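Me: I've got a structure open and I'd like to learn how to read it. Could you walk me through it, feature by feature?

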Amino acid sequence: MRYPTNDLEHFFMPFTANRAFKANPRLMVSSKGVECTSHDGRTLIDMSSGLFCAPAGHSRPEIADAVSEMLRDCAYVQPFQHGQPAAFELARRLKALYPGDLAYTFFTNSGSESVDTALKIALAYQRAKGQGQRIRLVGRERAYHGVNFGGMSVQGMVKNKEQFGPGLVGVLHMRHTWSGDELFVRGQPENGAGLADDLQRFCDLHGADTVAACIVEPVAGSTGILAPPKGYLERLREICDANGILLIFDEVITGFGRIGGNFAGDVFGVKADIMTMAKALTNAAIPMGAVAVTDHVYDTIMDAGAGAVELFHGYTYSAHPAACAAALATLDIYEKDGLFERAREMSDYFLDAVFALRDLPAVKDIRGIGMLAGVDLAARDGKPGARGGQATQDLWEEGVLVKMTGDTACIAPPFVSEKSHIDRMAEGLRKVFGKY
Ligand SMILES: Cc1ncc(COP(=O)(O)O)c(C=O)c1O
């Protein structure tokens with residue numbers, strides 16, 4: 001083992017019960033394809049693609065080679081007023097994949113940075129149009145948009161807000177789209193399009209000309225895989241168009257083939273003005289995020305700032321050469337191995353396996369679309385989250401990794417999974433959830 005595993009004290013771990021973890025660690029020392037190996041010699045199958053981010057399977061040598069070559073040739077170039085050809089090439093390649101009118105790409109280092117960047121671009125766009133009074137941002141309950149201040153403010157997960165004060169002012173939240181009336185829905189629920197009218201109500205109450213943008217995950221991911229009700233995204237688009245509001249799709253999870261098209265915008269046939277990405281962009285090999293905007297958004301900001309810096313925003317590591325090399329190698333793999341197509345083909349087998357768990361008494365609801373599914377477990381003894389914490393440990397013992405959020409299992413297998421991996425996952429989930 002390259003690094004010691006006996007002194008874990010000084011890492012302040014993210015979104016982790018630190019002391020409990022350090023008393024009973026779950027450390028991974030190798031990850032290859034669909035499998036990971038723990039420090040104590042277990043083999044586990046990774047059925048959440050890490051955190052929804054490695055659909056091509058872990059530790060792909062093609063990506064490692066591209067990154068290594070770039071780090072030897074040109075490890076860093078400052079991205080302000082200078083550039084590196086790989087960044088321009090990546091933006092060109094991405095444009096060919098984008099849905100709708102998205103055409104230009106701003107690079108970041110994570111999904112959280114992408115969300116904050118998208119919100120700032122929306123505000124800058126409105127100001128460029130002479131609409132600087134549009135400062136309100138609209139998000140949704142049960143949304144997750146990362147952890148930076150903008151994303152924290154527009155997201156709707158209670159625990160992610162309560163330690164940190166009010167966040168941005170002027171943020172409004174629409175209701176979430178899971179009603180509990182339609183259970184075990186595969187694909188989009190039939191009812192609930194009218195929930196989009198919350199956006200219209202905010203316009204009526206606060207003045208449409210105070211609202212800059214509305215941000216949604218087309219399928220809410222981290223809070224349990226909530227596909228949009230039929231007609232919901234279309235209605236949001238209509239309201240945005242009628243009121244001069246930008247529509248932002250946060251596709252940090254849904255992007256790059258996860259739900260059956262290149263992006264969710266393709267799957268649902270609804271155009272966003274701005275779209276965020278991260279995770280699968282580099283197959284998780286190097287941190288990177290991105291924000292796509294339409295010609296119209298780009299040109300409006302360029303025209304207003306002509307001759308000077310048009311957007312006073314960027315990161316030291318925007319379009320880092322190693323990340324660009326990783327992303328280009330990742331796109332090559334997606335294309336060469338036909339992985340989005342493979343995800344589409346495997347979806348039925350995967351969803352059949354997950355929905356077969358519905359007979360278990362502890363399973364209260366299952367939702368799924370593409371290669372993404374959420375399984376709600378009944379809370380234990382009125383303590384929300386306790387069963388989820390237990391399930392993380394029990395699934396570890398069972399050799400299956402899925403992401404638990406509260407009492408919900410979020411499942412997102414790598415697109416390179418074989419049917420045998422799906423079978424093994426289903427067996428492990430049944431064994432663990434079956435005893436609750
Ligand atoms: C929809 C969405 N937006 C933003 C983020 C934040 O991404 P990151 O953890 O890379 O900052 C996530 C992470 O899961 C996400 O699911």
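Me: Let's start with strand 13: which residues sit on one side of the strand, and which on the other?

Reply: The model is a predicted one, where local features need pLDDT of at least 70 and side-chain atom pairs count only at pLDDT 80 or more, while totals for chains, interfaces and linings use all residues. Residues are numbered from 1 along each chain as its sequence is written. Now the general idea: a residue is buried if 20 or more other C-beta atoms lie within 10 Å of its own, exposed if 12 or fewer, and partly exposed in between, with C-beta atoms placed from the backbone. Helices (H or I, at least four residues) and strands (E, at least two) are DSSP runs, numbered from the N terminus. On one side of strand 13 you'll find Leu-372, Gly-374 and Asp-376, and on the other Ala-373, Val-375 and Leu-377; they are all buried, which leaves both faces covered. Put as a count, 6 of the 6 residues of strand 13 are buried.

Me: Which strands does strand 13 pair with, and in what sense?

Reply: The rule first: two strands pair if DSSP finds at least two bridges between them. Strand 13 pairs with strand 12 in the antiparallel sense, over 6 bridges. In that pairing, Asp-365 has Asp-376 as its bridge partner. Strand 13 also runs antiparallel to strand 16, joined to it by 4 bridges. There, Gly-374 is matched with Cys-410 in strand 16.

Me: How many residues lie between strand 12 and strand 13?

Reply: Just look at the turn: the two strands form a hairpin with 2 residues between them, and Gly-370 in that turn has a positive phi of about 60°.

Me: OK, zooming out. In what order do the strands of the 7-strand sheet come?

Reply: Read across the sheet, not along the chain: the order is 4-11-10-9-8-5-6, the sheet is open and the pairing is mixed. Strand 4 (102-108) and strand 6 (171-174) are the edges, each pairing on one side only. On average, neighbouring strands here are turned by 20° against each other, direction ignored. For angles, axes are lines fitted to C-alpha atoms, for helices over the stretch in contact, and values run from 0 to 180 degrees between N-to-C directions. As a parallel example, take strand 9 (residues 246-250) and strand 10 (residues 274-277), which pair over 3 bridges. Asp-250 stands opposite Thr-276 of strand 10.

Me: Which strands does helix 11 touch?

Reply: Contact has its own cut-off: two residues are in contact if their C-beta atoms, placed from the backbone, lie within 7 Å. Helix 11 (residues 295-304) packs on the sheet and touches strand 4, strand 10 and strand 11, its direction making about 85° with that of strand 11. Helix 4 (residues 85-97) lies across strand 4 and strand 11 (289-294), at about 135° to strand 4.

Me: Where are the domains, and how many residues from each take part in the contact?

Reply: Domain bounds come from an automatic or database domain assignment. Here the assignment gives domain 1 (18-56 + 338-434) and domain 2 (64-336). Their C-alpha centres lie 26 Å apart. The contact takes 30 residues from domain 1 and 27 from domain 2. Among the elements that each supply at least two residues on the domain 1 side are our strand 12 (363-369), strand 13 (372-377) and strand 16 (408-411). The largest share of that side, 7 residues, comes from helix 13.

Me: Can we try single residues? Is Leu-199 buried or exposed, and what about Gly-41: buried or exposed?

Reply: Count the neighbours. Leu-199, in helix 8 (residues 197-206), has 25 C-beta neighbours inside 10 Å, so Leu-199 counts as buried. Leaving aside neighbours within four places in sequence, the contacts of Leu-199 include Val-138, Met-174 and Cys-214. Gly-41 is in the loop between strand 2 (35-38) and strand 3 (43-46); with 7 C-beta neighbours inside 10 Å, Gly-41 counts as exposed.

Me: And how much of the whole chain counts as buried?

Reply: Of the 436 residues, 47% count as buried. The chain has 15 helices and 16 strands in total.
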